[in-house]
Amino acid sequence: EKREQDWDLRKYPAHDAFYHFMVTLNKLYLSTPALYEKNYDREGFEWLDCNQEKDCIYAIQRNGISDTVCGIFNFSKEKKRYQPPFKANAEYRILLHTDWERFGGQTREVIGTYQKQVMELAPFSAILLKRM
């Protein structure tokens, strides 16, 4: 508290990537009502898959009044292939991938939708998708 923050840390790629991740995450939170609506309502949260303990993969769904967001989490140190339990005929668009190159990760950012596809999950990563 007696000295100024280390503002120059952003000159290092890892710190700058984390800064951009936090900016993106905060903007996403503010622009995606499913992430905060129904916080205190049982209908606001749903487990999509909590039975992959061996692979350390979990999938959740956040339900807002007018939108739905899914989160797929790989808590293992290994790359995994995973088919999310999406609802039939539902399309999802990636909002955020913690392993994107712009955040210092290894995954190229691709724009598009997912529909019952197998996903490549990077080690220790999360993917947020919005149902279209």
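Biologist: What percentage of the 132 residues in the protein do buried residues make up?

Modeller: This is a predicted model, and what follows is computed from it. A residue counts as buried when its relative accessible area is under 20%. In the protein, which has 132 residues, the buried share is 37%.

Biologist: Which pattern do the helix and strands follow along the sequence?

Modeller: The protein has 1 helix and 8 strands. Read along the sequence, these elements give the pattern α-β-β-β-β-β-β-β-β.

Biologist: What does the C-alpha trace span along its principal axes?

Modeller: The trace is described by one value for each principal axis. Together they give a span of about 55 × 35 × 30 Å.

Biologist: How much of the exposed area do carbon and sulfur atoms supply?

Modeller: The protein exposes about 9,100 Å². Of that area, the part from carbon and sulfur atoms is 52%.

Biologist: Among contacts with a separation of 6 or more, what share comes from residues 24 or more positions apart?

Modeller: A contact here means heavy atoms within 4.5 Å. Taking the contacts in the protein with a separation of 6 or more, residues 24 or more positions apart account for 59%.

Biologist: Is T68 buried or exposed?

Modeller: T68 is found in strand β3, which covers residues 68–74. Beyond its neighbours within four places in sequence, T68 is in contact with A34, Q61, R62, N63, L129, K130 and R131. Its relative accessibility is 8%. The cut-off for buried is under 20%, so T68 counts as buried.

Biologist: How far apart are the centres of the positive and negative side chains?

Modeller: The protein has 20 positive and 19 negative side chains. Each set has its own centre, and the two centres are separated by 2 Å.

Biologist: How many salt bridges does a search of the whole structure find?

Modeller: Side chains of opposite charge can pair when their charged atoms come close. For a salt bridge, the side-chain nitrogen and the carboxyl oxygen must be within 4 Å. Searching the whole structure with that limit gives a count of 9.

Biologist: Which residue does R3 meet in a salt bridge?

Modeller: R3 has 62% relative accessibility and counts as exposed. Its partner is partly exposed, with a relative accessible area of 38%. The N to O distance between the two side chains is 2.8 Å, and the partner is D6.

Biologist: Where is D55, and which residue forms a salt bridge with it?

Modeller: D55 lies in the loop between β1 (45–52) and β2 (57–63). Not counting residues up to four places away in sequence, D55 touches N74, S76 and K80. With a relative accessible area of 25%, D55 is partly exposed. The closest N and O atoms of its salt bridge are 3.3 Å apart, and the partner is K80.

Biologist: Is K80 buried or exposed?

Modeller: K80 has a relative accessibility of 13%. Buried means under 20%, so K80 counts as buried.

Biologist: Which residues do salt bridges that share partners join into one network?

Modeller: K80 forms a salt bridge with D55. The side chains of K80 and E78 also meet in a salt bridge, at 3.6 Å from N to O. E78 counts as partly exposed at 45% relative accessibility. Through shared partners, the network joins D55, E78 and K80.

Biologist: What distance separates the C-alpha atoms of D55 and Y82?

Modeller: D55 and Y82 are 27 residues apart along the chain. In space, their C-alpha atoms are separated by 9.7 Å.

Definitions and conventions: Residues are numbered from 1 along each chain as its sequence is written. This is a predicted model: local features need pLDDT of at least 70, side-chain atom pairs count only at pLDDT 80 or more; totals for chains, interfaces and linings use all residues. Side-chain values use heavy atoms; hydrogens and water are left out. Helices (H or I, at least four residues) and strands (E, at least two) are DSSP runs, numbered from the N terminus. Buried means under 20% relative accessible area, exposed over 50%, partly exposed in between (1.4 Å probe, protein chains only). Accessible areas come from the Shrake-Rupley method with a 1.4 Å probe; for residues, only the protein chains shown count as cover. Lys and Arg count as positive and Asp and Glu as negative; His and the chain ends are not counted. The place of a charge is taken as NZ of Lys, CZ of Arg, CG of Asp or CD of Glu.
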